[in-house]
Amino acid sequence: MLNEQRRAPLFEALKEHALKKPAGFHIPGHGQGRGLPAELLSLGGQALFAFDLTELPGLDDLHNPGGPIAGAQALAAKSYGADQSFFLINGTTVGIHALITALVGQGKVIIPRNAHRSVLGGLVLSGADPVYVLPGIIPEFEVDCGVTPACIRQALGLNPDTAAALAVRPNYYGIAGDLAGQVLAAHEAGIPVLVDEAHGPHLRFHHALPADAMAAGADAAVQSMHKLGGSLGQSSMLHLQGDLVDADAVAASLRLLQTTSPSYILLASLDLARRQMFLHGEELMEKALTLARDIRQKLSGIRNLRILTSDCLPEQRCELDTTKLVISVRGLGLTGYQVSGLLSGRYRIFIEMADFNNIVAVISTGTTSEDCDELADALKDITARDKLPALPPLPGTPLRYKKIMKPRDAWFAPAKKVPLAEARGRICAEAVAVYPPGVPALNPGEEITGDIYEYLQRIREMGLPCHGPSDTTLKTIKIVIE
Ligand SMILES: Cc1ncc(COP(=O)(O)O)c(C=O)c1O
């Protein structure tokens with residue numbers, strides 16, 4: 001017992017990882033310090049801990065700001081073109097929860113069916129009623145390319161009492177759909193557009209990147225500054241503009257949801273990251289875009305690898321953030337998961353994400369040209385050594401869903417786990433999605449229809465990774481007790 005307690009497994013794992021001197025293509029984009037604002041980086045050791053403070057006189061209060069936090073947020077609002085900005089210390093997740101609880105409440109909200117799970121969290125917390133819209137899919141990569149304005153108009157036609165529309169843009173793959181068109185459609189109906197812009201805090205600072213949510217006229221946007229904006233993990237920002245959103249209601253929700261002991265180190269990292277992006281964002285993003293262009297060129301001639309480029313996008317109003325390097329490895333007969341495993345195990349290269357068909361590497365302000373060379377060489381080596389027979393196709397997600405209860409009602413209803421075979425025809429109490437394209441087969445409150453049951457059986461047989469259910473092997477599933 002005592003010996004066991006001498007261990008610190010997480011700390012040890014972190015130390016071991018750092019000792020590998022890994023090449024990282026993942027979030028946080030500061031790349032283990034390389035892309036951090038210089039002043040934050042210079043605060044090594046004790047000096048950094050001297051900033052780990054609380055609401056002392058002169059240091060303001062995140063929940064009732066009137067001093068330096070208010071000043072820092074006001075500068076953030078100016079640099080992002082917002083009327084008001086809020087610093088978040090529980091990631092974009094808490095921003096999405098706050099927007100849905102404050103601006104939708106128990107009303108209807110239009111949501112892309114494959115929105116991030118933080119959106120489901122917002123629905124459960126608030127009791128909002130989702131009106132799902134389906135994003136388009138790029139077949140070769142099986143990744144989504146956003147929701148069209150026509151889709152929003154159709155959903156609004158069928159649900160004129162909708163309170164807001166939520167958009168996810170850009171998505172995990174750097175694809176940015178027609179947000180300005182969606183905003184137009186929503187504003188015609190007098191409702192706000194709330195954007196999950198977790199992957200877009202850098203967009204505003206370089207003309208070669210898709211326009212950001214505030215520039216596209218959205219009413220609210222939440223950005224993970226820690227992902228690609230140069231701040232520390234968990235720190236995000238929420239921006240508001242216009243008259244369709246109630247800033248006081250959003251502030252009240254944030255007071256409800258965020259800790260009363262916010263980390264001043266995270267808050268200061270947001271302040272410095274905003275300054276760095278405003279003053280040097282263009283040159284920093286130019287460097288990242290150049291690295292991305294170079295590695296794309298190096299990889300473009302390799303047989304059996306297919307790189308996602310703007311030419312793969314379905315329509316003109318869809319754009320690509322090319323700092324996200326999306327590579328389909330299907331041609332190798334390997335899954336993205338397998339290639340990701342080879343990269344980390346054999347070459348100590350850590351990418352951001354893998355799915356069945358693709359790997360995703362993030363080229364950020366912390367990426368070096370040496371890292372990019374290592375990734376290109378490793379992928380060349382894999383293509384030479386590891387080709388396998390063709391992969392089976394991924395079963396198509398059933399797109400017809402039958403909503404019986406709101407997600408919140410299903411979440412709080414009495415529920416039990418049953419073997420999958422007994423779940424047919426019952427109401428699901430949890431979400432189940434397979435990536436890609438991450439469109440859930442089920443959300444809480446939906447019926448496990450015959451089609452969905454067959455699909456889940458196939459997923460289980462193929463051993464594909466599932467997101468959402470409490471039993472990810474899908475031997476059992478949680479259903480509402482009726
Ligand atoms: C599309 C999307 N939205 C929201 C989030 C949540 O962001 P955070 O991790 O900053 O809470 C993520 C996280 O990966 C995401 O990919």
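**A walk through a predicted model, starting from Asp 129**

Let me begin with a single residue, Asp 129, which counts as buried because 21 other C-beta atoms lie within 10 Å, and the cut-off for that word is 20 or more. I should say at once that what we are looking at is a predicted model, so please keep that in mind as we go. Asp 129 sits in strand E4, which covers residues 129-133. Which residues is Asp 129 in contact with, if we leave aside its neighbours within four places in sequence? They are Gly 107, Lys 108 and Lys 406. For a sense of distance, you can also look for Gly 67, which is 62 residues away from Asp 129 in sequence and, going from C-alpha to C-alpha, 38 Å away in space.

Now let us step back to the whole protein, which has 16 helices and 21 strands. Its radius of gyration is 23 Å, close to the 23 Å that the globule rule gives for 482 residues, so the protein is as compact as a globular protein of that length. If you draw a box along the principal axes, the C-alpha atoms fill roughly 60 × 60 × 55 Å. Of the 482 residues, 49% are buried, and, when we consider contacts between residues at least 6 apart in sequence, 72% of them join residues at least 24 apart.

The chain is divided into domain 1, residues 54-275, domain 2, residues 282-385, and domain 3, residues 407-480. The centres of domain 2 and domain 3, taken over C-alpha atoms, are separated by 32 Å.

Next I would like to turn to one sheet, which is open and made of four strands in the order E12-E14-E17-E16, with antiparallel pairing. Why is one side of E12 and of E16 left without a neighbour in the sheet? E12 and E16, the latter being residues 353-354, stand at the edges and each has a single partner strand, so there is nothing in the sheet on the other side.

Strand E14, residues 324-328, is mostly covered, and five of its five residues are buried. Lys 324, Val 326 and Ser 328 point one way from E14, while Leu 325 and Ile 327 point the other way, and all of them are buried. On one hand, E14 is joined by two bridges to strand E12, residues 306-307, and the two run antiparallel; here Arg 306 has Ser 328 as its bridge partner, and Ile 307 has Ile 327. On the other hand, five bridges join E14 to strand E17, residues 358-362, again in an antiparallel arrangement, and in that pairing Ser 328 has Asn 358 as its partner. Ser 328 therefore has a bridge partner in E12 and another in E17, which run on either side of E14 in the strand order.

Finally, let us look at the ligand. The residues around the ligand are Gly 91, Thr 92, Thr 93, His 116, Ser 118, Val 168, Tyr 172, Asp 196, Ala 198, Ser 224 and Ser 236. Which helix gives the largest share of this shell? That is helix H6, residues 91-103, with three residues. Sorted by class, the shell holds three nonpolar residues, seven polar residues and one charged residue.

Methods:
Residues numbered from 1 in each chain as written. Predicted model: local features only at pLDDT ≥ 70, side-chain atom pairs only at ≥ 80, totals over all residues. Buried ≥ 20, exposed ≤ 12 C-beta atoms within 10 Å, placed from the backbone. Pairing = 2+ DSSP bridges. Near = placed C-beta within 6 Å. Nonpolar A, V, L, I, M, F, W, Y, C, P; charged D, E, K, R; others polar. Rg over C-alpha atoms; globule rule 2.2 N^0.38 Å. Contact = placed C-beta atoms within 7 Å. Domains from an automatic or database assignment.
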